[in-house]
Amino acid sequence: MLMVYSAQAQKLKIKAVPDSIKVPFFNGIFVQGDVASVASSFFSKGKTYSYEANVQADFKHKLFPVFELGYAGADKVTTDNVGFKTNGYFERFGVDLNVLTHKKDSKPTTNLFLVGLRLGMSNFKYNISNLTITDDYWGGLPKTTNYNNISTTKTWYELAVGVRVEVWKNIFMGWTVRSKTLITKDKDGDPTPWYIPGFGINNTGSSLGINYTIGYKFHLSAKKKPLDKVKQSTIVITK
Amino acid sequence: MKKIQYITLLLCLIVGFSCAVDESCRTNRSVLMQFGLHHVNLTDTSRTVAAMTIDSLTVRGLVVDTLTGKYLNQNLDSVYKNLKSISIINVPLHKFEHMSVYEITFNNKIITGNKDTLKFINRKDTLTILHENIDKYLSLECGSIKIHSIDTAYTTHHFIDSIRIINHKVNNINLENIQIYK
């Protein structure tokens with residue numbers, strides 16, 4: 001207990017100030033895998049697929065810089081028999097902010113409510129096949145166009161909101177919902193990719209995604225005192 | 001804890017349903033060149049141009065041999081067949097050739113500035129459009145379309161006095177491309 005003694009006009013006031021809890025700067029690293037993308041890949045039967053994992057550091061239990069890496073692709077044929085095929089790696093980096101607050105005299109909860117920002121990038125190749133144009137009025141043979149091995153790099157940003165809960169000793173589960181917006185856009189009329197690894201289905205430059213992660217938190221510090229209580233026994237006397 | 005699990009499940013369901021892919025094409029795929037019909041009214045002191053409504057009109061495409069320049073005896077359906085009270089004509093350009101030719105048959109009465117009535121019955125003009133054809137990719141659901149860029153347009157003068165290209169680009173946004181003056 002921190003005691004503050006205040007002397008004013010020959011009176012001594014004793015005021016009790018609660019103990020403060022010091023949160024270490026570095027609290028460990030999460031290593032997490034995304035289950036939602038695996039489930040989604042299974043249900044889409046190969047039309048789209050994505051696998052991703054991330055590492056995320058815990059600074060002050062407030063800031064969580066993150067690096068995400070994944071592999072994704074698509075193999076789709078429309079009802080008009082137009083085909084689209086791609087696959088490639090993607091990476092994202094960014095930071096989450098834990099918006100849960102704790103009282104100064106209490107231990108912060110291990111659960112997290114995170115809001116964050118990501119910058120994503122993917123360099124990949126794609127094919128669009130069997131684009132057929134017919135001339136219904138003038139007639140003539142239909143003409144088919146194929147675009148093969150178009151190489152492109154796409155960048156996008158994501159606004160993310162999610163929760164992370166410690167379900168068992170250092171094992172965390174949680175979800176993140178992301179609103180994704182493309183930064184690099186194609187020229188009107190150019191053959192744009194229907195699917196971008198890491199971004200998802202490219203619907204007019206925006207997309208919505210969800211991750212359900214399961215991960216482990218490693219406490220890497222040698223002196224493992226994640227949430228030390230530090231007593232400050234300072235006596236302050238004021239006139 | 002239970003609350004978080006419940007919210008997680010709910011979110012998964014909402015996102016899952018909202019991300020269902022809709023394969024229908026909602027973009028207009030129709031590419032038509034638009035003619036606007038205009039009447040030039042000349043008096044001693046002024047010249048005014050106004051939109052003109054034709055009493056009845058028939059439009060059909062003429063197939064031309066690109067090597068000889070002769071019309072082939074190939075009957076195409078009319079784009080418009082004896083359509084009444086018309087002031088705008090929308091016609092498809094050839095998607096794979098660089099020349100589209102139309103025969104337009106006009107039936108119209110025009111009251112002049114001197115209040116005389118001029119009758120035009122079955123007046124036929126042949127309109128020739130030279131154009132470039134360009135592939136435009138819309139989306140995976142909608143595929144590609146051909147858009148056009150008009151280079152030149154010329155006409156015979158049995159009914160039509162003159163024509164003017166006002167917008168060279170012909171795409172899936174309907175805009176007036178050529179004005180026909182009488």
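In this predicted model, the side chains of Gln179(B) and Glu176(B) meet in a polar contact of 3.0 Å. Gln179(B) belongs to strand 11 of chain B, which spans residues 176–181. With a relative accessible area of 11%, Gln179(B) is buried, as the cut-off for that class is under 20%. Leaving aside residues up to four places away in sequence, Gln179(B) touches Gly36(B), His38(B), Ser162(B), Ile163(B), Arg164(B) and Ile166(B).

Chain B also holds an open sheet of six strands, in the order 4-3-6-7-8-10 and with antiparallel pairing. Its edges are formed by strand 4 (78–86) and strand 10 (169–170), each of which pairs on one side only. As a reminder for reading such a sheet, strands pair through backbone hydrogen bonds, in either a parallel or an antiparallel way. At the strand 10 end of the order, the partner is strand 8 (residues 143–155) of chain B; the two run antiparallel and are joined by two bridges. A handy landmark for finding this pairing is His148(B), which stands opposite Val170(B) in strand 10 of chain B.

Several of these strands reappear where chain B meets chain A. In this interface, 35 residues of chain B are in contact with 34 residues of chain A. Interface size is often expressed as the accessible area lost when the parts come together. Here the two chains bury about 3,000 Å² between them, and 69% of that area is on carbon and sulfur atoms. Eight residue pairs are found in polar contact across the interface of chain B and chain A, with both residues at pLDDT 80 or more. On the chain B side, the elements that give two or more residues are helix 1 (2–18), strand 3 (54–62), strand 4, strand 6 (99–111), strand 7 (117–139) and strand 8. Helix 1 of chain B provides the largest share of that side, with seven residues. By residue class, the chain B side divides into 19 nonpolar, eight polar and eight charged residues.

One salt bridge is counted between chain B and chain A. This bridge links Lys136(B) to Asp188(A), whose closest N and O atoms are 3.4 Å apart. The pair runs from the loop between strand 9 (171–182) and strand 10 (195–196) of chain A, where Asp188(A) sits, to strand 7 of chain B, which carries Lys136(B). The two partners fall into opposite accessibility classes: Asp188(A) is exposed, at 65% relative accessibility, whereas Lys136(B) is buried, at 11%.

Turning to chain A itself, its secondary structure comprises one helix and twelve strands. Read from the N terminus, the elements follow the order β-β-β-α-β-β-β-β-β-β-β-β-β. Chain A has 239 residues, of which 38% count as buried. Among contacts in chain A with a separation of 6 or more, 65% are between residues 24 or more positions apart.

Over all chains, the structure holds 14 salt bridges. One of the pairs in chain A is Asp75(A) with Lys85(A), at 4.0 Å from N to O. Because Asp75(A) lies in strand 5 (residues 63–77) and Lys85(A) in strand 6 (residues 83–98) of chain A, this pair ties together parts that are ten residues apart in sequence. Both partners are partly exposed, with relative accessible areas of 40% for Asp75(A) and 47% for Lys85(A).

A second pair in chain A has a different setting. Arg118(A) forms a salt bridge with Asp96(A), and their closest N and O atoms are 2.9 Å apart. Since Arg118(A) is in strand 7 (residues 112–133) and Asp96(A) in strand 6 of chain A, the pair ties together parts that are 22 residues apart in sequence. Here the partners are buried: relative accessibility is 3% for Arg118(A) and 4% for Asp96(A). Arg118(A) and Asp96(A) also take part in one network of salt bridges with shared partners, which includes Glu52(A), Glu68(A), Arg92(A), Glu158(A) and Arg178(A) as well.

Definitions and conventions
Residues are numbered from 1 along each chain as its sequence is written. Chains are lettered from A and ligands numbered from 1 in the order in which they are written. This is a predicted model: local features need pLDDT of at least 70, side-chain atom pairs count only at pLDDT 80 or more; totals for chains, interfaces and linings use all residues. Side-chain values use heavy atoms; hydrogens and water are left out. Two strands pair if DSSP finds at least two bridges between them. Helices (H or I, at least four residues) and strands (E, at least two) are DSSP runs, numbered from the N terminus. Contact means heavy atoms within 4.5 Å. Buried area is the accessible area (1.4 Å probe) that two parts lose on being put together, summed over both. A salt bridge is a side-chain nitrogen of Lys or Arg within 4 Å of a carboxyl oxygen of Asp or Glu. A polar contact is a pair of N or O atoms within 3.5 Å; within protein, one must be able to donate a hydrogen and the other to accept it, and residues adjacent in sequence count only if both atoms are side-chain atoms. Ala, Val, Leu, Ile, Met, Phe, Trp, Tyr, Cys and Pro count as nonpolar, Asp, Glu, Lys and Arg as charged, and the others, Gly among them, as polar. Buried means under 20% relative accessible area, exposed over 50%, partly exposed in between (1.4 Å probe, protein chains only).
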